[in-house]
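Good morning, everyone, and thank you for making time for this. I would like to walk through one structure with you, going slowly enough that those who are new to the subject can follow along on the screen.

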Amino acid sequence: MCLAVPGKIISIDRSVPDLAMAKVDFSGVTKDICIQWVDAAEGDYILAHAGMAISVVNAREAEETLEDLRKLERI
Amino acid sequence: MKYVDEYRNNEQVQALVRAIRKATTQTWHIMEICGGQTHAIARYRLEEMLPEQVRLLHGPGCPVCVTPVTLIDQALELAKRPDVILASFGDMMRVPGTREDLLQVKAHGADVRMLYSPLDAVRLAETNPGKEVVFFAIGFETTAPVHMMALKEAQRKKLSNFSLLTSLFTVPPAIDAILSDPESKVDGFLTAGHVCAITGNSAYHQLAEKYKTPMVVTGFEPVDLLLGIYRCLLQLENGSYFVENAYRRAVPEEGNPAARALMDETLEPCDQEWRGIGIIPGSGLQLKKTYAIYSSREKFPFLPRETEISSECIAGNIMRGVSQPSDCPFFGKACSPERPMGAPMVSSEGVCAAYYKYS
Amino acid sequence: MKNEDFNCPVPFNDSDCVLMAHGGGGRMTHRLISDIFYPAFRNPLLEQDHDGCVFPVQEGRMAYSTDSFVVDPIFFPGGDIGDLAVNGTVNDLACCGARPLYLTAGFILEEGLPLSDLQRIVRSMRKAADKAGVQIVAGDTKVVERGKCDKLFINTSGIGVVPEGIRIAPDRVRPGDVVICSGPIGAHGITILSARESLGFETNLKSDTVSLNNMLSQLLKNIEEVHVLRDPTRGGVSGTLNEIAKAARVEIVLDEASLPIPDAVKGASEILGLDPLYIANEGLVLVILPETRSQEALAVMKSFPEGKNATIIGRITGEDNAIVKMKTPYGNYRIVDMLSGEQLPRIC
């Protein structure tokens, strides 16, 4: 139901109160995304939906999931 | 793309398929609730790779598909007003109301804009002070707070020419309705990862307990989907039923508290009609009275109108997981994406449209 | 009182933008032609100053094609509506197997269009024509009131000669043929989308608009067995291959892993929910020929900058089943259908 795409924060602009904005790179495509709801820094990956970051991609969890899958591959 | 390509990797897809085959000993029906997941399953032909005993059922989680015809007619009527700019996601542009769709009224002179974000609609209202900008605010819990962010932004900018025509749905009451149906075949659910990224998982714990049905929070890439199916199968085969998170990189247990606080402040639950299904109690969200000035329906009061639902179309059964598109005598014949008879053929995320496009 | 003091009080208009009078057929029209169009397009055939252009013809077969250009915005990274209009018709002729010779250009101008924009566009048309080796030999201009068109529309028509022995036609497509794609998919369409403000994204992409006739004439010189040449513009690669499959009544199978899709096209497609196979291209050609000649064809194409990324993307696998399928990365096959309508960005 909801397309949300991971992108990397390039820069953050907090000049407008309650509307923190970030330039986000989606593999060569740059878009302004509002990051008001997430605690994110430059270099973090966020999931963007309709112009809003709905969550920060958790790099550790992502790696753990992949590691579990690699274990599964060896079975 | 990082965090996308890894989850489309063939070796891991094949490993998961092998694991699923190994784990499956009997027939199970698993429903993915979300249209985005249905679309990915059809696009990558994942069903073909699963053992025959694993049957996927496709739920009603596409807001484009389930938005009632009455609401589309209201959007069309608003769009035709010379003092209105009707803004919408691209998805809604081709969805037919009773007689026409947004692209058709645009061709006849209506000012209809296709936007990526509701926040862009606020900018549109700012630059067009002489017009009322109506955003067709469709969505589930993922999109609902984005619309509310736009509303708050309009409030901050003191704009009086911005309003939302809301068509907002929530997932847990729909799952409740599906599972309480005596005809239901659903043994386990894949819940929609991006909805849970906002809501968190708490509502699903109660449902898993109440219906003794496993609920697996699932992502949208092929590896994510197969992982969700695999975790769900393991629970089914073990006879367990709990909420399990198979999309941990995107979904924290508590969801997104800031977005939820915004929803709590601005929205309240309501009974909601789902196109093709009917009214599900408590399954919608509407603006609270204090925000009525941002409600297009309040600004432009409409008479509710009865809408026709094709009696032969089995959309309701398909979206409740009772039937498959192939069971429908009209599928691909009288009913196609150019001339949809029912909700699931309407949007590319609808199960019938996804089946039609890729098979 | 001297005679020359009786000047008309209405000044001669040295406007910096297009006025209705520029289309009136009078002095303003004449000045537009002599100041802007003639200097840019100058060639002996144009300077015959007829209502049309007269030229000698050769024995043999000719190809004739026409196309209209209404792109918004008129300037975009990698090109503008001018070189697009020249390259579009040149490529249509080249895809008929023809050597393009002459183009005509018809302009519909919106009142208020800055003359500097018009000048820039006609100069870029000349540059594209020179690069393709064609001449613009006749033209027409009309001006419409503001709001009746969007800045300017251009129609180009073109004539070319088809060398002997060349027969480009879908009915020659046979099982065992391969589909070569001359370069990256989707760059033009995504560039245009990003140049429009409403979707608000930026890319490092450029439109791929380029004339393909030099590469294609070399290809045909070396390999007469080329069966089909098509530029996948509107409707994208999928639309074009579906047309070929239907016309030739063959089954075409694409290999998803082999599709040359730039990262930024992938990124934009993910964000907007688009499928790169349906996105428009401008400087791309699909070549269908027997597999036995494919390596030779790739070598010719790769020796031109517009074909340096040429690669095989699919095969003709069967007859009588007019369908396009794609092998997924997981070894399954899915149908690649034509679009029902225009591809719209989606959020869900």
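**Chain C, its two domains and its contact with chain A**

Let me begin with an annotation: for chain C, UniProt lists residues 51-162 as "domain: PurM-like N-terminal", and the entry is an unreviewed one. Please keep in mind that what you see is a predicted model. Over residues 51-162 of chain C, the chain is 41% strand and 29% helix, and the C-alpha atoms at the two ends are 27 Å apart.

Turning to the domain assignment, chain C is divided into domain 1, which covers 20-162, and domain 2, which covers 170-335. The C-alpha centres of these two domains of chain C lie 27 Å apart, and the contact between them takes 20 residues from domain 1 and 22 residues from domain 2. On the domain 1 side, the elements of chain C that give two or more residues are helix 2 (81-94), strand 4 (99-110) and helix 3 (115-132), and the largest share, six residues, comes from helix 2 of chain C. If we sort that side of domain 1 by class, we find 11 nonpolar, five polar and four charged residues.

Next, the contact between chains.

Here 16 residues come from chain C and 12 residues from chain A. Strand 8 (201-203) and helix 7 (263-272) of chain C each supply at least two residues of the side that touches chain A, and helix 7 of chain C gives the most, with seven residues. By class, this side of chain C has six nonpolar, five polar and five charged residues.

Strand 8 of chain C also pairs across the chains: three bridges join strand 8 of chain C to strand 3 (residues 29-34) of chain A, and the two strands run antiparallel. Which residue in strand 8 of chain C is the bridge partner of A:Val29? The partner is C:Thr203.

That residue leads us to one last position, C:Thr191, because C:Thr203 is among the residues that C:Thr191 contacts beyond its neighbours within four places in sequence. C:Thr191 sits in helix 4 (residues 187-195) of chain C, and its other contacts of this kind include C:Phe76, C:Pro77, C:Gly78 and C:Leu205. Is C:Thr191 buried or exposed? C:Thr191 has 25 other C-beta atoms within 10 Å, and therefore counts as buried, since the cut-off for that class is 20 or more. As a final distance, the C-alpha atoms of C:Thr191 and C:Asn321, which are 130 residues apart along the chain, are separated by 35 Å.

How values were computed
Residues are numbered from 1 along each chain as its sequence is written. Chains are lettered from A and ligands numbered from 1 in the order in which they are written. This is a predicted model: local features need pLDDT of at least 70, side-chain atom pairs count only at pLDDT 80 or more; totals for chains, interfaces and linings use all residues. UniProt positions are given in the numbering used here, feature names are shortened, and annotations may be inferred rather than shown by experiment. Helices (H or I, at least four residues) and strands (E, at least two) are DSSP runs, numbered from the N terminus. Two residues are in contact if their C-beta atoms, placed from the backbone, lie within 7 Å. Ala, Val, Leu, Ile, Met, Phe, Trp, Tyr, Cys and Pro count as nonpolar, Asp, Glu, Lys and Arg as charged, and the others, Gly among them, as polar. Two strands pair if DSSP finds at least two bridges between them. A residue is buried if 20 or more other C-beta atoms lie within 10 Å of its own, exposed if 12 or fewer, and partly exposed in between; C-beta atoms are placed from the backbone. Domain bounds come from an automatic or database domain assignment.
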